[in-house]
Amino acid sequence: MITSKALPPSDSKKRSAKSVAFMKQSDFSGRFVTLDWWRKSEAGLLARLSSGSIWKIYATFAVLGVGVRLYTQAQPFGYVFHGYDFQSYLIVAESMSDSSNPYSTGRYNYGPIWAVIVWTVKLICGSDISFRLGLASILILTDLGISLWLKRNGYLLASLFLLISPISIAISARHLQFDNLAVLFALLSVSQISRSNSNLVTKYDVRACLLLALSLMTKHIFIIFPLWLALRQTSTKKKFLYLLLPPGVFFMSLVPFWLNNPKSVVENVISYSSLKNAPFLYAILPDGLVNSLVSTHLATPIFLTMVG
């Protein structure tokens, strides 16, 4: 018979103390990574403020954020009207006005929603100055929409930070990047998902998928999100709904343009890649290896595999 030898009381206490210390350290890491400290700080702040005070603070930040965004439009720098993206929007608007395929211009790589918005704003505004201000106004309102969503869902500090963040101001108001519009549609989709608490497919699930489809049709930055949502579902029907409906609607929106010029859609949307860079892989792998992966077009599938 094999018997285990009991540890001396002092050794047992030492091991127990080390275990407790390790658990505390692990618990701290978990709270830090999951932003538990942020949530607790925010909860403490909100507990000290009345609803009226919160709205006054929000309104102050909103006025400041909108004012700074509009100020960037008043600057006489050449980039404002000669930036690559703004010139691309002018080309897309002209192409749509001529009933041409915007993807045939080689200057548009996303879903059709932003192309329609660009064309509509150009029709209404006419001059380049008013056209740019019209696009900027839409993106500024979108930033406000995101911040209101954050505030309504209990993320006051995040909503205030978004309003005055120099990065947010530069991206949406100066560079006219429309990622925020895709983000807003995705957040509205999440709101519908949170209302669905059944294994059956409900109207909230359908609304969520359609809003997510609008996000992809604007700019497909959440193309992997439907897969993640599908994996979270417990019923087979809901899995297929989230997996197939949003990307399905997105690809269907490209069909009219594909029928007109298949090559333009494939090259500028389906297989399009921007600068041949791989910042994540460069951070974890030797530069020479990553250079080889980029040159052989293996960097993207490897990255997507890791994400998957």
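**A pocket, a helix and two nonpolar cores**

The second largest pocket holds about 220 Å³ of space. Tyr84, Asp85, Arg107, Asn109 and Tyr110 are the closest to its centre among the 13 residues that line it. Here a pocket is an open set of points on a 1 Å grid over the protein atoms alone, where a 1.4 Å probe fits, with protein on both sides within 12 Å along at least five of seven lines; lining residues have an atom within 4 Å of a point. The volume is the space filled by probe spheres set on the points.

The model is predicted: local features need pLDDT of at least 70 and side-chain atom pairs pLDDT 80 or more, whereas totals for chains, interfaces and linings use all residues. Numbering runs from 1 along each chain as its sequence is written, and side-chain values use heavy atoms, without hydrogens and water.

Helix H5 (a DSSP run of H or I, at least four residues, numbered from the N terminus) covers residues 84-97. Its buried residues (under 20% relative accessible area, 1.4 Å probe, protein chains only) include Phe86, Tyr89, Leu90 and Met96. Just after H5, serine 99 has a positive phi of about 60°.

The largest nonpolar core (buried Ala, Val, Leu, Ile, Met, Phe, Trp, Tyr and Cys residues joined through side-chain atoms within 4.5 Å) has 29 residues, and Tyr89 and Trp114 are among those with the most contacts inside it. H5 gives the most to this core, with six residues. Beyond its neighbours within four places in sequence, tryptophan 114 is in contact (heavy atoms within 4.5 Å) with residues including Tyr89, Leu135 and Phe178. A second, separate core of nine residues includes Cys209 and Leu241.

Definitions and conventions: Helix = DSSP H or I, 4+ residues; strand = E, 2+ residues; numbered from the N terminus. Expected span 1.5 Å × (residues − 1). Buried < 20%, exposed > 50% of the residue type's maximum accessible area, 1.4 Å probe, protein only.
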